Amino acid sequence: MILLDPRFYGDDMKAQSWAFYGSIKPRKIFIKRTKKQSTINYKEIVKRISLTPAVFHLSQRVNQIATKYAEQPIVPRGPALKPIMDRVRFMVADQLKIVDTHETIILTAAGSGAIAATVGSCVDNNGILVVVNDAYGQRQADFCQQLGITTFVYELEWGLKPELKVVERLINQHKVGTIGLVHGCTSVGLLNPVKEIGMLSHNLGVRLIVDGIASVFVEEMDINEWHIDSLICSTNKGLHSNPDLSFCLISKNYLEEMETRKNRLPYLDLFQTWQAQKQGSHPFTINIRALLEFEAALEDFIERGGLAGRIKLYQDRLAILRKGYKDLGLKTFIREGMAQQNIGTALYLPDGISYQSLATALANWDNGDNENYEIYSAQGKLSNVIFRIFNMGEYSLETYERFIKALGTCLRRLSS
Ligand SMILES: Cc1ncc(COP(=O)(O)O)c(C=O)c1O
């Protein structure tokens with residue numbers, strides 16, 4: 001995202017984007033205007049490095065799709081859809097080693113749409129126990145309640161590891177048929193023990209729904225060994241595509257159960273969507289440009305070493321970043337028994353420095369590199385305690401080295 005690039009924004013739009021970014025000062029960009037044309041000094045264009053898990057720079061392969069698609073759009077119900085749909089669904093299942101056991105169901109919605117679709121379609125009338133130890137566990141529980149699903153919550157302080165014996169007691173006490181939790185807890189930078197909970201749910205004979213939005217294609221995960229019946233995923237996190245689509249991986253035997261179940265949510269009905277997609281179609285208009293970007297991101301992922309390659313890429317970045325944080329005296333938010341996520345790190349705010357002042361300093365960073373940095377606040381209860389730095393998207397290792405230097409300078413300036 002190049003917010004200040006005048007190729008993408010007219011003057012009005014530029015003004016709006018600056019207004020939207022509030023405290024971020026616009027950098028001067030020299031535009032020599034003549035009556036007929038303007039010449040832009042591109043050296044002055046600032047690249048905003050996204051250190052967030054939301055929107056970040058993507059590969060050329062993904063970016064090129066929009067241009068090609070503009071030249072040759074594809075009709076969403078026409079015959080051209082089936083081969084693309086078949087290829088994408090197969091590549092996902094193949095990469096995650098679930099071809100024989102699970103179905104990939106693609107939705108035109110960002111990740112939260114897939115959470116709604118999954119709980120709305122999967123949970124049976126016995127209700128669900130949701131583990132809430134971060135913002136997205138809370139979202140899952142809220143969506144269940146809003147859909148009228150019988151919902152029980154195992155609520156913990158954010159980031160704390162859920163205790164297996166408590167999970168077992170609550171399942172037995174409430175006689176629920178399903179347990180739901182988040183794998184990569186983006187709000188605290190930690191991973192829930194899905195493998196352990198999967199073993200428990202399997203032994204107790206309850207279904208397991210996992211929000212894998214922040215972990216699929218970027219964390220070690222064995223969907224079958226961990227007994228995951230339903231994995232909620234989106235295209236824009238570990239896979240590095242745009243946030244227009246999400247997808248759900250549902251075990252084949254779970255889908256069989258859904259045939260007779262009453263659908264709670266129109267438009268996001270997984271059984272209905274699967275019925276159409278296995279024929280290579282979609283019940284509604286699907287975003288084919290985004291589907292082609294999904295495919296391009298998968299090809300890129302495969303070409304660059306699949307899951308092992310993606311994890312190594314992130315570990316190499318983290319080696320630079322986490323050493324940098326330590327050298328700068330920053331304290332990491334960690335909790336016993338909860339591994340850290342590959343996609344980023346939650347750090348305590350240093351004494352006397354607010355998130356806002358640090359974020360503003362980094363967003364206005366200017367030392368001639370023509371890049372500045374967007375970091376992420378924490379959510380909810382933790383927003384005055386921690387902040388987050390993510391290492392997602394298409395950036396070089398040198399970018400993270402430069403960022404650490406910028407972070408050090410900003411911290412020193414703010415504490416002096
Ligand atoms: C674990 C998790 N679940 C759900 C979401 C929500 O996804 P979206 O913002 O695409 O709706 C996010 C977004 O960061 C997430 O990290």
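# Questions on a predicted model with a bound ligand

Student: In this predicted model, how many residues surround the ligand, and which are the closest?

Tutor: The ligand in this predicted model has A110, G111, S112, Y136 and T186 as the closest residues of its surroundings. Counted in full, the residues that surround the ligand number 13.

Student: By class, what is the make-up of the shell around the ligand?

Tutor: The shell holds one charged residue and five polar ones. The remaining class in the shell is the nonpolar one, and its count is seven.

Student: Is helix α4 mostly covered or mostly open, and how many of its residues are buried?

Tutor: Helix α4 runs over residues 111–122 and reaches 16 Å from its first C-alpha to its last, close to the 16 Å expected at 1.5 Å a residue. Its buried residues include G111, which is also among the residues closest to the ligand, and others such as I115, V119 and C122. The helix is mostly covered, and of its twelve residues the number buried is ten.

Student: Which residues of α13 are buried, and why do they line one face of the helix?

Tutor: Helix α13 covers residues 397–415, and its 19 residues reach 27 Å from the first C-alpha to the last, close to the 27 Å expected at 1.5 Å a residue. Seen down the axis of α13, the buried residues fall within an arc of 120 degrees, so they line one face of the helix. On the other side of α13, E398 and R412 are exposed. The buried residues are T399, Y400, F403, A406, L407 and C410.

Student: Against which elements do the buried residues of α13 pack?

Tutor: Two of the partners are strands, β3 (47–50) and β15 (371–374). The buried residues of α13 also pack against two helices, α11 (306–327) and α12 (355–363).

Student: N367 and A406 are 39 residues apart in sequence; what is the distance between them in space, C-alpha to C-alpha?

Tutor: N367 is placed in the loop between α12 and β15, and it is exposed because only 11 other C-beta atoms lie within 10 Å, where 12 or fewer is the criterion. A406, by contrast, is one of the buried residues of α13. Their C-alpha atoms are separated in space by 8.7 Å.

Student: Is N370 buried, exposed or partly exposed?

Tutor: N370 is found in the loop between α12 and β15, and its phi is near 60 degrees, a positive value in a residue other than glycine. With 13 C-beta neighbours inside 10 Å, N370 counts as partly exposed.

Student: Where is K97, a residue with 15 other C-beta atoms within 10 Å?

Tutor: K97 is partly exposed, and its phi is near 60 degrees, a positive value in a residue other than glycine. Its place is in the loop between α3 (81–95) and β4 (102–107).

Student: Which elements do the buried residues of α10 pack against?

Tutor: Helix α10 spans residues 288–303, and its 16 residues reach 22 Å from end to end by C-alpha, close to the 22 Å expected at 1.5 Å a residue. Its buried residues include I288, L291, F294 and F301, while just after the helix G305 takes a positive phi of about 100 degrees. The elements that the buried residues pack against are α2 (60–71), α3 and α11.

Student: Why does G238 count as buried, and with which residues is it in contact beyond four places in sequence?

Tutor: G238 sits in the loop between β11 (230–234) and β12 (246–251), and it counts as buried because it has 27 C-beta neighbours inside 10 Å. G238 and I311 are 73 residues apart in sequence, yet 9.4 Å apart in space, C-alpha to C-alpha. Leaving aside neighbours within four places in sequence, the contacts of G238 are V216, F217, V218 and R310.

Student: What does the protein average in pLDDT, and where is the pLDDT below 50?

Tutor: The protein averages a pLDDT of 91, and 89% of the residues score at least 70. Where pLDDT is low, the predicted coordinates should not be read in detail. pLDDT stays under 50 over residues 34–38, for which the model has three contacts beyond four places in sequence. The pLDDT is also below 50 over residues 1–22.

Terms used:
Residues are numbered from 1 along each chain as its sequence is written. This is a predicted model: local features need pLDDT of at least 70, side-chain atom pairs count only at pLDDT 80 or more; totals for chains, interfaces and linings use all residues. A residue is near a molecule or strand if its C-beta atom, placed from the backbone, lies within 6 Å of it. Ala, Val, Leu, Ile, Met, Phe, Trp, Tyr, Cys and Pro count as nonpolar, Asp, Glu, Lys and Arg as charged, and the others, Gly among them, as polar. Helices (H or I, at least four residues) and strands (E, at least two) are DSSP runs, numbered from the N terminus. The expected span of a helix is 1.5 Å times one less than its number of residues. A residue is buried if 20 or more other C-beta atoms lie within 10 Å of its own, exposed if 12 or fewer, and partly exposed in between; C-beta atoms are placed from the backbone. The arc is that of the directions from the helix axis to the C-beta atoms. Two residues are in contact if their C-beta atoms, placed from the backbone, lie within 7 Å. pLDDT is the predictor's confidence in each residue, from 0 to 100.
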